[in-house]
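Let's take a walk through this fold, from the sheet to a few aromatic rings and some backbone oddities. Pull up the model and follow along.

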Amino acid sequence: MAEIDHIVIGATTLEDGARYIEETLGVKPSKGGAHAGLGTHNLLLGLGANCYMEIIAPDPGQPEPAHPRLFDLDDAGLRTMLEAEPRLIAYVASTPALDAVVARLGPSHAGEVRSMSRGDLAWRMAFPPQRQDMENLIPPLIQWEGERAAKHIKDSGWRLTSLEAEHPDTQALHASLNVRGLSDAVKIRQSPHARLIAHLRHKDGREVTLTSA
């Protein structure tokens, strides 16, 4: 079975992303790092021992990457939305059997497996091919090599209580999540437009809802 590993907040710059998180959640995200060769860098916010939030933005310190940036950050429509305000754009699911899932789906649906690392952390990821991810409602899959990143991120006191996905074709979305072992991890609802919704609750009782649209 797969589970939610982290949710992703997109921003035009990390400064904008940090400001948005502080204004929305009242906490400062921790320093992350650069994704060498991918043209992005991030900040991190701990959501407990097994989940976290990633704030990601184009990295001006890197040359333009050879391939489009992750999570559709180079999409003109998304760039326009992020210029107005950072927002929830995607999520990533953790699986202990990445190779088996990719073999079952085939690379044309699961994507190619990439090995990545930073510091003491190492992981492998498979990103669904662009335009096959149903507006980022089908998540990339990650398998950590050793401890998961969430265990190394300072706890913010916030928890992800539920994740919802809205889409016109709920049958196709449910089938895609089910084959990845995520049928119980995401609540699916019918809607004319695709939208990702994350519900967060703080230990002091505060609640916040983040949406992609």
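Is Glu-135 buried or exposed? Keep in mind that this is a predicted model, then look at the number: Glu-135 has a relative accessible area of 57%, and it counts as exposed because the cut-off for that label is over 50%. You'll find Glu-135 in the loop between β7 and β8. Its backbone deserves a glance too, since phi of Glu-135 is near 60°, a positive value in a residue other than glycine. For background, most residues other than glycine have a negative phi.

Phe-71 has a backbone quirk of this kind as well: its phi is positive, about 60°, although Phe-71 is not a glycine. This residue sits in the loop between β4 and α2. With a relative accessible area of 7%, Phe-71 is buried, whereas Glu-135 is exposed.

Now for the rings. The structure holds two aromatic pairs. Phe-71 and Phe-127 make an edge-to-face pair, with 5.8 Å centre to centre and 65° between the planes. The edge-to-face label applies because the planes are over 60 degrees apart. Phe-71 lies in the loop between β4 (52-58) and α2 (76-84), and Phe-127 in the loop between β7 (121-126) and β8 (141-144), so this pair ties together parts that are 56 residues apart in sequence. Both Phe-71 and Phe-127 are buried.

Trp-123 and Trp-144 also form a pair, this time a tilted one: 5.3 Å centre to centre, with 50° between the planes. Here the link runs between strands, with Trp-123 in β7 and Trp-144 in β8, 21 residues apart. Trp-123 has 8% relative accessibility and so counts as buried. Trp-144, at 11%, counts as buried too.

That brings us to the sheet. Which order do its strands follow? It is an open sheet of eight strands, running β2-β3-β4-β1-β5-β8-β7-β6, with mixed pairing. At the edges stand β2 (30-35) and β6 (113-118), each with a single partner strand, so one side of each is left without a neighbour in the sheet. On average, neighbouring strands of this sheet are turned by 30° against each other, direction ignored.

For a closer look at one pairing, go to β1 (residues 3-10). This strand pairs with β4 in the parallel sense, over five bridges. If you want a spot to zoom in on, try His-6, whose bridge partner in β4 is Tyr-52.

Notes: Residues are numbered from 1 along each chain as its sequence is written. This is a predicted model: local features need pLDDT of at least 70, side-chain atom pairs count only at pLDDT 80 or more; totals for chains, interfaces and linings use all residues. Side-chain values use heavy atoms; hydrogens and water are left out. Rings of Phe, Tyr and Trp (its six-membered ring) pair if their centres lie within 6.5 Å; planes under 30 degrees apart count as stacked, over 60 as edge-to-face and the rest as tilted. Helices (H or I, at least four residues) and strands (E, at least two) are DSSP runs, numbered from the N terminus. Buried means under 20% relative accessible area, exposed over 50%, partly exposed in between (1.4 Å probe, protein chains only). Two strands pair if DSSP finds at least two bridges between them. Axes are lines fitted to C-alpha atoms, for helices over the stretch in contact, and angles run from 0 to 180 degrees between N-to-C directions.
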